[in-house]
Each structure stands twice: as structure tokens, then as C-alpha cells.
Amino acid sequence: VLQNNEQANLEMNGLTMTSLDSEHTIAKFDLTLSIGEMEDGYAMNWQYCTDLFELESVKRMMKHFSCLVDELTANPGAKISELSVVDEEEKRLVIETFNDTAMEYPRGKTVVELFEEQVGQTPDNIAVVFEDATMSYAMLNEKANQLAYKLRELGVKPDDYVAILAERSMEMIIGIYGVIKAGGAYVPIDPGYPQDRIDYMLSDCKPKAVVTYNTELQTEIPIIELGESKTWEGVSTNPVHMNKPSDLLYLIYTSGTTGKPKGVMIENAGVSNLRSYFMDSLKVTSKDRILQFSNIAFDGSVWDMTMALLTGATLYVIHPDKLSDSEYLGDFAGETTIMAVPPQFYAQMNTAGQRLIITAGSESSKDVVSKAIESSGYLNSYGPTEVTVCATHWLCEDTNSIPDKIPVGKPIPNKKVFILNGSTLCGIGIPGELCVAGDGLARGYLNQPELTAEKFVENPFGEGRMYRTGDLARWLPDGNIEYMGRIDEQVKIRGFRVELGEIESVLRKQPGVKDAAVAVKEKNG
């Protein structure tokens with residue numbers, strides 16, 4: 001509100017009337033900025049509803065507005081989108097202080113080298129538990145080596161793809177590490193996917209081979225079945241190393257707006273950094289027991305396997321028939337020390353006694369945190385597939401002050417986060433698109449150079465590239481980040497990324513359907 005009426009004092013029979021401002025007023029609106037003319041400038045009065053705004057938030061708005069006025073007067077011909085409300089001090093705070101994440105990790109080593117080092121340190125430790133069966137690190141290494149030699153006979157080399165269609169089992173883990181030790185990149189495909197989706201993925205990545213277990217597949221691509229035939233078994237010594245950290249480790253498909261999934265290409269280096277984060281920040285050791293919850297077609301499985309198999313811990317793989325049995329799952333999870341699950345899933349589980357509960361994939365809640373910290377430590381993590389599983393984390397340490405809205409936390413080691421409105425840096429409290437830079441960014445999307453160029457851009461605040469996530473977020477004063485939803489039509493359902501455009505695309509192909517729109521409604525969380 002601009003108060004530019006002429007001011008006049010009223011005089012009546014010798015009495016002079018002047019207005020008195022009260023310090024305590026009732027706000028008429030959520031937020032009002034009143035500006036009045038003075039002899040040498042303007043006076044500004046901010047009035048706000050204390051149910052909606054903290055005093056510190058309004059003070060930041062005042063500071064941002066002052067900075068904006070400076071920008072306007074210095075650049076009167078500039079577009080509004082080019083102006084900034086963030087001064088140099090705040091820029092240093094969000095770019096440097098909030099992103100002070102440098103940590104040493106074995107940059108020159110591949111996942112194969114790290115795994116073989118771990119096998120050498122803990123050969124007799126149990127690597128994998130599946131129902132009543134167990135497998136030591138030495139045995140897993142030998143089985144993976146045998147498969148690796150067979151794959152090399154088929155011509156697998158660095159940056160070649162090998163698809164894996166396997167149900168949850170020991171063989172599933174052998175298959176993944178066999179591909180890695182052969183030097184290739186594994187492509188996990190859920191055997192339960194519709195056949196046309198499987199066919200599309202295979203035609204898109206053109207794998208040198210397909211590794212299967214308890215799965216029927218009709219294809220001209222060479223198939224290695226990990227079942228009872230054992231035709232893949234043979235030499236079990238470590239193969240000669242072929243890879244470097246910049247070679248691809250895996251290709252995971254995520255939902256795409258065009259109706260076709262898109263393949264995200266992840267290199268070794270990102271997982272090497274993830275391993276160091278687990279060991280240094282989360283204190284994961286060989287004494288830990290890790291729940292393997294996520295389907296291997298999703299990058300949550302990379303989190304589980306890395307946390308266990310590159311640290312000497314034990315990976316507990318759930319039988320596929322038991323995933324929907326919440327009572328069994330609660331008992332099974334009770335045997336582990338660390339588990340990572342979607343928050344909505346954890347809310348339904350009856351389990352206690354873990355050293356650490358990790359939620360990821362969807363927005364957490366105060367109820368979930370309260371439940372977890374009754375008996376465990378709690379970590380909320382965030383990260384799209386394109387940044388190697390994780391970008392930020394929030395560890396709940398003060399159980400007496402759980403916020404109503406659970407933040408996604410601060411950048412993990414060697415990751416940097418910037419929040420932008422277009423190309424303009426957002427300061428504290430200002431919503432914008434969450435962008436991630438640093439180590440572990442995907443090489444891009446397979447066979448989609450235009451989409452890769454759109455999402456992976458040059459980092460304007462430092463070296464390398466930056467990934468634009470499409471997530472809306474804002475900085476909190478303490479350096480944590482609050483997730484605020486999407487800037488597009490992607491949604492998260494029980495941790496799964498779903499593009500509404502992909503569903504609409506399929507619906508439009510149905511007979512009798514001229515057009516379609518998909519909306520989201522939330523019910524009981």
C-alpha cells in the first residue's frame with residue numbers, strides 16, 4: 001500500500017490532533033507492506049499475521065526487499081526475472097557455507113576394487129542372508145567371478161550393458177556383482193513389468209546379454225540363467241580389472257513424460273562416494289545388518305547393497321512373497337540394525353530396536369519421526385536417481401523439537417545444492433527449483449541428448465555440471481532444506497516416481513479415448 005495522500009494536522013479551538021501508532025495491532029491481512037512519503041525518502045511499515053510468519057522471516061523479507069530496490073534503481077531497464085533479492089553476504093552463505101561438504105573418498109577406485117578389498121578384509125563375514133541360506137563374502141566373490149568370466153566370453157566390456165531379470169534371491173545379488181566384475185553396467189528390470197515395457201528397455205539399451213533367475217524371457221539376446229543348470233560356473237579367481245571410476249556402473253529406468261521410461265546412466269565414482277558417506281557420516285561397520293527392501297529396478301537397492309557389501313556388513317534379502325506381509329516384514333526387519341524404507345511403509349510396520357531408521361522416496365511426517373525415535377536413530381534422505389541415490393539428509397538428534405514439516409536436510413558429502421528461480425539464486429526462505437551439483441551426477445539419459453542437455457546444465461556457481469531436479473524447495477535459516485513439491489506433474493506414490501504425462505499418453509491410445517487428464521488425490525497420506 002502506497003500512502004501518498006497529503007498529510008495535514010487538524011486544529012480545533014486551539015487543540016492539535018496527531019495520530020498515535022500502537023505497537024500492538026491486529027493484522028488485517030496475512031502480510032501488508034505500507035509505504036509513506038517522508039521529506040527525505042519513504043518510511044516502510046511491515047504488518048504480518050504472527051500465526052503465519054516468524055519475526056525473523058519478516059526481517060529477511062525486509063532485507064530482500066531492500067536489496068531488490070537497490071537492484072531496481074541500479075538497473076531500471078532490466079527484466080524482473082534478471083533481478084536478485086539476495087545480497088553478497090547471503091550468496092556466500094548459501095553457496096559456500098551451506099555447501100561446505102568436501103570430504104575425501106577413494107576417487108581413483110571402482111566398485112570392483114572396493115568390493116575386492118572388502119572381501120580381503122572380511123572373507124568369512126556373512127555377505128548375504130536369504131531365508132535360511134547364507135553366503136560369505138569369499139563365496140559371493142567367487143560366484144560373481146564365475147559369472148564375470150562367462151559374460152566376458154560374450155564380449156562384455158566397459159560401458160556395455162547387461163540386463164538382469166531376477167526375483168529376490170541370492171542369485172540376484174550374484175548376478176549384479178557378476179556384471180560389475182565383468183566390467184559392464186547392469187540394467188535391472190523387474191520381471192513383473194508388462195512385456196512391452198521389458199521389450200522397450202531391452203531394445204533401448206541393447207544389452208550384450210541378459211542374466212535371469214526364475215524368469216521366462218523370449219529374446220534373441222544371449223541369456224544366462226542363474227538357476228540349477230550351473231552352465232555359467234567355472235574359473236573363480238578375480239578377473240583382471242578393466243574399469244576406471246568414470247565407467248558406467250548401472251542403468252536404471254525411471255518414469256518418462258512421453259509414455260516411455262528413460263534410462264539414467266550412473267558411473268562408478270558416485271557409488272564410491274556413497275560408500276564413504278555411509279562409513280564416515282552414518283558410521284556403518286561390518287557389525288551392521290542391512291535390510292534389502294527396495295526392488296532392484298529402483299536405485300534404493302543401490303543404497304542397500306552399497307551400505308552392506310562395500311562395508312563388510314550383512315545384507316538381508318526379503319523373499320518376494322513376503323513383501324506384502326507387514327507382520328512378517330516387521331519381524332524380519334527386527335533382525336537388522338539399519339533399514340531404509342518409504343515413510344508411508346514404515347508407518348504401517350511394527351518393528352523396533354534398529355540402530356537407524358532411514359526414510360526416503362516420499363515426504364516424511366512428524367508422526368513417522370516420532371514413531372522411529374522411540375527406539376532408534378532417524379534419518380530422512382532425499383535424492384533423485386540422477387544424482388546417485390542421495391543428495392541431502394536430515395538426522396533427527398533433538399527429540400524434543402520435531403518440526404511440523406520434516407526437512408530433507410543438508411547436502412551430503414561432496415554434493416552441492418542450489419535453489420534457483422530460473423537462473424536467479426534464491427536466498428533463505430525463497431521457494432525455487434532444487435538443483436544438485438558435485439560428485440555422482442549421472443552421465444545423462446540414454447539415447448536422449450536433448451533431455452540430457454535440458455536437465456544437466458553447466459554449474460553457474462562452480463565446476464562441472466548441475467542437475468535440475470524439478471523439485472520445489474527452499475532454504476531454512478539453519479541450512480536445512482524444506483521440500484515443497486514439484487514444479488511439474490511428476491508425483492511420488494509410495495516412493496515410486498510417476499509421470500502423470502506417461503499415464504495420460506497410454507490412456508490416449510485406448511480405443512474411444514479422444515483425450516485424457518490424470519489428477520492426484522491424497523487420502524490418509
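This dialogue walks through several features of a predicted model, with a general idea before each case.

User: How many disulfides does the structure hold?

Analyst: In general, a disulfide is a covalent bond between the sulfur atoms of two cysteines. The structure holds zero disulfides.

User: Why is Cys-390 without such a bond?

Analyst: A disulfide needs two cysteine sulfur atoms within 2.5 Å, and because the closest cysteine sulfur to that of Cys-390, in Cys-396, is 17 Å away, the gap is too far for a bond. Cys-396 is likewise in no disulfide. As for their surroundings, Cys-390 is buried, with a relative accessible area of 1%, and Cys-396 also counts as buried, at 10%.

User: Which residues have a positive phi, and how should I read that?

Analyst: As a general guide, most residues other than glycine have a negative phi. Here Lys-206, which is not a glycine, has a positive phi near 45°, and Val-389, also not a glycine, has a positive phi of about 75°. Lys-206 is found in the loop between helix H6 and strand S10, whereas Val-389 is placed in the loop between strand S18 and strand S19.

User: Are these two residues buried or exposed?

Analyst: Lys-206 counts as exposed, at 63% relative accessibility, while Val-389 is buried, with a relative accessible area of 9%.

User: How many salt bridges are there, and what do they link?

Analyst: The general idea is that side chains of opposite charge can pair when their charged atoms come close. The structure holds 23 salt bridges, and one of them joins the side chains of Glu-116 and Lys-181, with N to O at 2.8 Å. Glu-116 lies in helix H3 and Lys-181 in helix H5, so this pair ties together parts that are 65 residues apart in sequence. Both Glu-116 and Lys-181 are buried.

User: Where else does a salt bridge link distant parts of the chain?

Analyst: Arg-443 and Glu-267 meet in a salt bridge at 3.0 Å, N to O. Arg-443 sits in the loop between strand S23 and strand S24, and Glu-267 in strand S13, so that 176 residues separate them. Arg-443 counts as partly exposed, at 31% relative accessibility.

User: Which residues form a nonpolar patch on the surface?

Analyst: Leu-2, Tyr-42 and Met-44 form this patch, and together they have about 340 Å² of accessible area. Tyr-42 is found in strand S5, residues 41-48, and counts as exposed, at 54% relative accessibility.

Notes
Residues are numbered from 1 along each chain as its sequence is written. This is a predicted model: local features need pLDDT of at least 70, side-chain atom pairs count only at pLDDT 80 or more; totals for chains, interfaces and linings use all residues. Side-chain values use heavy atoms; hydrogens and water are left out. Patches are made of residues with over 30% relative accessible area and no salt bridge: like charges are joined within 9 Å, nonpolar side chains (Val, Leu, Ile, Met, Phe, Trp, Tyr) within 5 Å. Accessible areas come from the Shrake-Rupley method with a 1.4 Å probe; for residues, only the protein chains shown count as cover. A salt bridge is a side-chain nitrogen of Lys or Arg within 4 Å of a carboxyl oxygen of Asp or Glu. Helices (H or I, at least four residues) and strands (E, at least two) are DSSP runs, numbered from the N terminus. Buried means under 20% relative accessible area, exposed over 50%, partly exposed in between (1.4 Å probe, protein chains only).
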